[in-house]
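User: I would like to go through this model carefully, one question at a time, beginning with what counts as a contact.

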Amino acid sequence: MAKVVDRHKLTWYEELYLPAIASGLKRTFRQMFQPDITLQYPEERPQIYDDYRGAPGLVRDQDGREKCVSCQLCEYICPPKAIVIVPGEAPEGATYDYSHIEKAPREFFIDMLRCIYCGYCEEICPEQAIFMTGEYELNAGSRQELVHDKKRLYEIGGLRPDPIQKWKGKDDRLDAGGFTDLRKRGAGAEEGE
Ligand code: SF4
Ligand code: SF4
């Protein structure tokens, strides 16, 4: 059964409305002398903290090497299926050392209309090649422009120094660890194929 709620009958003082207007004006004038909590965007920019999860981007290391090895783990884990990778061969003739890496993405797309900024791609990447960045201004004139391609993803990600560079100096590590024979055996097996 419907419940009938009695309406509060306004007193003569409330019906004047002037006290309510005066109370509102008092609050407004008091606020005018408080410190600003709004920003005059876009002239003023908010402070972006290191752990902010903005648009994902691909990164290069300090040698300019594309760190992504096209393993496709991020494509697999991405909940809304926003990532599409077209794997390719590691680029030949590159100025940086690709000798121990077989693959690199020929193309890499992230559909920012699907991305939910969960950060799973950054979490799962074994190469620390994809990061959530501080990029929060995604303006576009069409839906297609919000599908970021590899070039755009590297623009967003930029350069991120890698203190480990796990593939660099692998030959030296093999020699130091006494694995030189194993490497020769591996090379011999490849030739015998
Ligand atoms: S942040 Fe989440 S939704 Fe966006 S591309 Fe990465 S895994 Fe996919
Ligand atoms: S970004 Fe990382 S997880 Fe994604 S394909 Fe490249 S190496 Fe694999």
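Analyst: Two residues are taken to be in contact if their C-beta atoms, placed from the backbone, lie within 7 Å. The model discussed here is predicted.

User: With that cut-off, which residues does Asp61 contact, leaving aside its neighbours within four places in sequence?
Analyst: Asp61 belongs to the loop between β1 and α3. It is 5.7 Å from Asp162, C-alpha to C-alpha, although the two are 101 residues apart in sequence. Once neighbours within four places are set aside, the residues in contact with Asp61 are Lys67, Pro161, Asp162 and Gln165.

User: Is Asp61 buried or exposed?
Analyst: A residue is buried if 20 or more other C-beta atoms lie within 10 Å of its own. Asp61 has 21 other C-beta atoms within 10 Å, and therefore it is buried.

User: Which two residues other than glycine, one in the loop between α3 and β2 and one in the loop between α4 and β4, have a positive phi, and how exposed is each?
Analyst: In the loop between α3 and β2, Lys81 has a phi near 55°, and because 10 C-beta neighbours lie inside 10 Å, it counts as exposed. In the loop between α4 and β4, Gln128 has a phi near 50°, and with 15 C-beta neighbours inside 10 Å it counts as partly exposed. The residues asked for are thus Lys81, exposed, and Gln128, partly exposed.

User: Which residues have the most contacts inside the largest nonpolar core?
Analyst: The largest nonpolar core holds 23 residues, and the elements giving two or more residues to it are β2, β3, β4 and α5. Ala129 touches Leu58, Val59, Lys67 and Cys68, not counting residues up to four places away in sequence. The residues with the most contacts inside the core are Leu58, Cys68, Cys74, Ile83, Cys121, Ala129 and Ile130.

User: Which residues come nearest to ligand 2, and which to ligand 1?
Analyst: The shell around ligand 2 divides into 10 nonpolar, 2 polar and 1 charged residues, whereas the shell around ligand 1 divides into 13 nonpolar, 1 polar and no charged. Of the 13 residues around ligand 2, Cys68, Cys71, Cys74, Cys125 and Ile130 come nearest. Of the 14 residues around ligand 1, the nearest are Cys78, Cys115, Cys118, Tyr120 and Cys121.

User: Which strands stand at the edges of the open sheet of 3 strands?
Analyst: The order in this open sheet is β2-β3-β5, with antiparallel pairing. β3 and β5 pair over 2 bridges, and Asp111 stands opposite Val147 in β5. Each edge strand has a single partner strand, so one side of it is left without a neighbour in the sheet, and the strands in that position are β2 and β5.

User: How many of the 15 residues of α2 are buried?
Analyst: Helix α2 runs over residues 18-32, and at 1.5 Å a residue it should span 21 Å, which agrees with end C-alpha atoms that are 21 Å apart. The helix lies largely in the open, because the number of its residues that are buried is 0.

User: Where is Pro42 found, and is the peptide bond from Tyr41 to Pro42 cis or trans?
Analyst: Pro42 is found in the loop between α2 and β1. The peptide bond that leads from Tyr41 to Pro42 has an omega near 10°, and its form is cis.

Terms used. Residues numbered from 1 in each chain as written. Chains lettered and ligands numbered in written order. Predicted model: local features only at pLDDT ≥ 70, side-chain atom pairs only at ≥ 80, totals over all residues. Core = buried A, V, L, I, M, F, W, Y, C linked by C-beta atoms within 7 Å. Buried ≥ 20, exposed ≤ 12 C-beta atoms within 10 Å, placed from the backbone. Helix = DSSP H or I, 4+ residues; strand = E, 2+ residues; numbered from the N terminus. Near = placed C-beta within 6 Å. Nonpolar A, V, L, I, M, F, W, Y, C, P; charged D, E, K, R; others polar. Expected span 1.5 Å × (residues − 1). Pairing = 2+ DSSP bridges.
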